[in-house]
Amino acid sequence: LCASYSATAWSLENSLTRSFFRTFWQTSPWQWGAAAAEDSLTRCLEIQRAAIADFNPDVVVGSSWGGGIALFALAEGLWSGPT
């Protein structure tokens with residue numbers, strides 16, 4: 001089900017590197033990492049929201065970063081099925 005996150009630096013809109021540069025000018029130096037991670041997580045969740053709506057899965061499975069996104073989807077109430 002889950003759309004690919006991909007580990008490349010520039011390949012996707014939700015990549016951590018792109019999020020870092022997107023939030024770089026909006027935050028203080030000590031917040032750069034946290035702001036980039038939050039931006040990337042939020043963008044990943046939006047991708048999963050669309051994937052869940054389009055596919056209507058019976059189960060959501062994720063590993064590594066995808067596992068975090070799956071838990072985030074549970075916490076946000078986007079998904080309530082088997083995970």
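In this predicted model, the chain exposes about 5,300 Å² of surface, and 60% of that comes from carbon and sulfur atoms. As for what is tucked away, buried residues account for 25% of the 83 residues in the chain.

The overall layout is easy to follow. There are three helices and zero strands, so reading from the N terminus gives the order α-α-α. Looking at contacts between residues at least 6 apart in sequence, 46% of them link residues at least 24 apart.

Helix α2 is a good place to look in detail. It covers residues 32-55, which is 24 residues, and spans 34 Å from its first C-alpha to its last, close to the 34 Å expected at 1.5 Å a residue. Several of its residues are buried: A35, A36, D39, S40, C44, L45, Q48, A51 and I52. Right after α2 comes N56, and its phi is positive, near 55°.

Then there is the partner, helix α3, made of residues 65-75. The two helices pack at an angle of about 75°, with axes 10 Å apart. Because angles of 65 to 115 degrees count as roughly perpendicular, α2 sits roughly perpendicular to α3. On the α2 side, the contact is built from S40, L41, T42, C44, L45 and Q48, while α3 brings in W65, I69, F72 and A73. Sorted by character, the residues of this contact come out as seven nonpolar, three polar and no charged. Some names turn up twice here: S40, C44, L45 and Q48 belong to the contact with α3 and are also among the buried residues of α2.

Notes. Residues numbered from 1 in each chain as written. Predicted model: local features only at pLDDT ≥ 70, side-chain atom pairs only at ≥ 80, totals over all residues. Heavy atoms only, no water. Axes fitted to C-alpha atoms, helices over the stretch in contact; angles between N-to-C directions. Helix = DSSP H or I, 4+ residues; strand = E, 2+ residues; numbered from the N terminus. Parallel < 35°, antiparallel > 145°, perpendicular 65-115°, else oblique. Contact = heavy atoms within 4.5 Å. Nonpolar A, V, L, I, M, F, W, Y, C, P; charged D, E, K, R; others polar. Buried < 20%, exposed > 50% of the residue type's maximum accessible area, 1.4 Å probe, protein only. Areas by Shrake-Rupley, 256 points an atom, 1.4 Å probe, with all protein chains shown as cover. Expected span 1.5 Å × (residues − 1).
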